[in-house]
Amino acid sequence: MSHSPSPQSTPPPKPPHEQSTWERRIETALWNSRFLVMLAVVPSLLGSLMLFIVGTLDIFKVVGDVLHYYLVDDSQNIHDTLVPDIIIAVDIYLIAIVLLIFGLGVYRLFVSRIDQAEVRYPAHPFNVASLDQLKDKIARVVILAVIIEFFRAVVDIRFATPLDAIYLALSVLALAAALYLMSLAHKGE
């Protein structure tokens, strides 16, 4: 019967003066390889920035269209496109948030803690302690993005039969149940 070593039986790490030169160099290279995650962190943050800019410009366009409609010329009806355009912008913002949480979470897990976030805001979304916690936070935002996408699709639905309305009602009920179960799973947070 084999036992896994207990934390007390694991020898402490060797100090640098007890390591061979090659062992120290290899371990330094291995430890520094964690910076490879910057190849994911930097593009994630840049992608997030681009999506925030696109979402903001889309919202400004909607505001401009509304102002133009009510103040200048009401010949082009904006009512059919107003809600879908805003929903698309919100969806873009949510994807930007996913990239932001991913980039900063991976940085915190592999490179260094983000001291400002941890000192000022201990429960900040970027303060993740494990990959599972990071996946959980990302999954929550992705679920919100999927819900927003669902509502965008619902706005465009034209009912052909009463059965279509029943399907929509069942979809909304399933979505509400999923949100309720998700809130139960995260009640203590």
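## A buried glycine in helix α3

G103 is buried, its relative accessible area being 0%. This value, like every other in this report, comes from a predicted model. The residue belongs to helix α3, which covers residues 79-110.

Setting aside the neighbours within four places in sequence, G103 is in contact with V41, S44 and L45. Along the chain, G103 and I157 are 54 residues apart, and a distance of 36 Å separates their C-alpha atoms.

## Helix α3 against helix α5

The helix that holds G103 also packs with another helix. The axes of α3 and α5 come within 9 Å and cross at roughly 170°. An angle over 145 degrees counts as roughly antiparallel, and α3 is therefore roughly antiparallel to α5. Sorted by class, the residues of this contact comprise 23 nonpolar, 1 polar and 4 charged.

## Helix α5 against helix α6

Helix α5 spans residues 131-155, and helix α6 spans residues 162-185. Their axes cross at roughly 165° and come within 12 Å of each other. With the angle over 145 degrees, α5 and α6 are therefore roughly antiparallel to each other. The crossing in which α5 passes α6 is left-handed.

On the α5 side, the residues in this contact are I143, I147, F150, F151 and V154. They meet L168, S171, V172, L175, L179 and M182 of α6. By class, the residues of the contact of α5 with α6 divide into 10 nonpolar and 1 polar, with no charged residue.

## Salt bridges within helix α5

A search of the whole structure finds 3 salt bridges. One of them links K135 with D132, where the closest N and O atoms are 3.5 Å apart. These two residues lie 3 positions apart in helix α5, so about one helical turn separates them. K135 is exposed, with a relative accessible area of 55%, and D132 is likewise classed as exposed, at 54% relative accessibility.

A further salt bridge joins the side chains of D136 and R140, with an N to O distance of 3.0 Å. D136 and R140 are 4 residues apart in α5, and therefore about one helical turn separates them. D136 is partly exposed, its relative accessible area being 26%. R140 also counts as partly exposed, with 23% relative accessibility.

## A salt bridge within helix α2

Helix α2 runs over residues 38-71. In this helix, D65 and K61 are 4 residues apart, so they are separated by about one helical turn. Their side chains meet in a salt bridge, with 3.1 Å from N to O. D65 is partly exposed, at a relative accessible area of 32%.

## Summary of the arrangement

Helix α5 takes part in both helix contacts described above. It is roughly antiparallel to α3 and roughly antiparallel to α6. The contact with α3 includes 4 charged residues, whereas the contact with α6 includes no charged residues. Helix α5 also holds the salt bridge pair K135 and D132, as well as the pair D136 and R140. The pair D65 and K61 lies in α2. In α3, G103 is buried and is in contact with residues including V41 and L45.

Methods:
Residues numbered from 1 in each chain as written. Predicted model: local features only at pLDDT ≥ 70, side-chain atom pairs only at ≥ 80, totals over all residues. Heavy atoms only, no water. Axes fitted to C-alpha atoms, helices over the stretch in contact; angles between N-to-C directions. Parallel < 35°, antiparallel > 145°, perpendicular 65-115°, else oblique. Left-handed = near helix turned anticlockwise from the far one by under 90°. Contact = heavy atoms within 4.5 Å. Nonpolar A, V, L, I, M, F, W, Y, C, P; charged D, E, K, R; others polar. Salt bridge = Lys/Arg side-chain N within 4 Å of Asp/Glu carboxyl O. Buried < 20%, exposed > 50% of the residue type's maximum accessible area, 1.4 Å probe, protein only.
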